[in-house]
Amino acid sequence: MAAAAVRTGPSQPPNSTVYVKNLEERIKIDNLKEALTEIFSEYGTVIDLVAKKNLKAKGQAFVVFEDVEAAERAIQEVQGFELFDKPMLLDFAKTRSDATVQSEGTEEEFELHKRRRLAEKERKQAHQAAEEQKKLKRPATGAAPDAATSRPVKASRGAGLKSSNPGAGAVVPEEYLPPNKILFVQNLPEDYDVDGLTAIFGRFEGFREVRLVPGRKGIAFVEYEAETGAISAKESTSGMGLGAESKPIKVVYQRQ
């Protein structure tokens, strides 16, 4: 490895997980992980190494050490060194890794950590989806309206159902709604009542109640005391097969 000309210090508080970026994206994940493991194992016991090939995670990796001291040594010694002809940029991770929490905490702490991480991920997805919707609705700046678009247009069927709020155009898809304590359950078998749904959703932390909608079959609302219970329930029940045909149910957060 050759040293890079510029070295920068970590910006995050010390912890046992090292965040590595500026990695060569064309290298196969297995080869990249093998190389990183070989390098970082010199500074301590590596209990986990995460590198993914999806677009947003390319060129990045997380190296989880058994202790903070090993992570500190690795950052100090490896910062700026080249791997596959690119200088690695290292910092401490912003949050503790799953492997660290699992090894240091109790099972309850680990489950809470995963729920919080999942909630943060879903919040980011909801924000990104809303931003994309805004971009699609936003007119191009400086573009003059042509004759076709400037003429009055006859209202189409159903136009009266649209909101008069100009900011209501950006509608976040159900799958990307941010977490909250109420779940909206769809595609339920018609014979499932409050007791049947309580048996399913009542086993999660902070369960409050199941509410059916009078005159509407196949849907229900499930409320919890806090987001954490709703997050656990959603992840465990979404896609669950119910009824004689094992029809998968759809579980999303209530739109607010």
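These legends go with several close-up views of a predicted model.

**View 1. The sheet built from β2, β3, β1 and β6.**
Here four strands line up as β2-β3-β1-β6 in an open, antiparallel sheet. Which strands stand at the edges? They are β2 (46-50) and β6 (89-92); each has a single partner strand, so one side of each goes without a neighbour in the sheet. Going from one strand to the next, the twist averages 20°.

**View 2. Zooming in on the β2 and β3 pairing.**
Strand β3 covers residues 60-65 and runs antiparallel to β2, with four bridges between the two. For a spot to look at, pick Leu49: Val63 in β3 is the residue standing opposite.

**View 3. Two helices on the β2-β3-β1-β6 sheet.**
Helix α1, residues 29-40, packs on this sheet and touches β1 (17-21), β2, β3 and β6. The direction of α1 makes about 150° with that of β2. Helix α2, residues 68-78, packs on the sheet too, with β1, β3 and β6 as the strands it touches. Set against β6, the direction of α2 comes out at about 155°.

**View 4. The sheet built from β8, β9, β7 and β12.**
Further along the chain sits an open sheet of four strands, ordered β8-β9-β7-β12 and paired antiparallel. β8 (207-212) and β12 (250-253) take the edge positions; with a single partner strand each, they have one side left without a neighbour in the sheet. The strand-to-strand twist averages 20°.

**View 5. Zooming in on the β7 and β9 pairing.**
How many bridges join β7 and β9? There are four, linking residues 182-186 of β7 with residues 220-224 of β9 in the antiparallel sense. Look for two phenylalanines here: Phe184 stands opposite Phe221 in β9.

**View 6. Helices α6 and α7 across the strands.**
Helix α6 (residues 194-201) lies across β7, β8, β9 and β12, and runs at about 145° to β8. Helix α7 (residues 227-237) lies across β7, β9 and β12, at about 155° to β12.

**View 7. Where to go easy on the model.**
Across the protein the pLDDT averages 79, and 66% of the residues reach at least 70. Residues 1-6 stay under 50, with eleven contacts in the model beyond four places in sequence. Over residues 152-164 the pLDDT is also below 50, and this stretch has one contact beyond near neighbours in sequence.

Terms used. Residues numbered from 1 in each chain as written. Predicted model: local features only at pLDDT ≥ 70, side-chain atom pairs only at ≥ 80, totals over all residues. Heavy atoms only, no water. Pairing = 2+ DSSP bridges. Axes fitted to C-alpha atoms, helices over the stretch in contact; angles between N-to-C directions. Contact = heavy atoms within 4.5 Å. pLDDT = per-residue confidence, 0-100.
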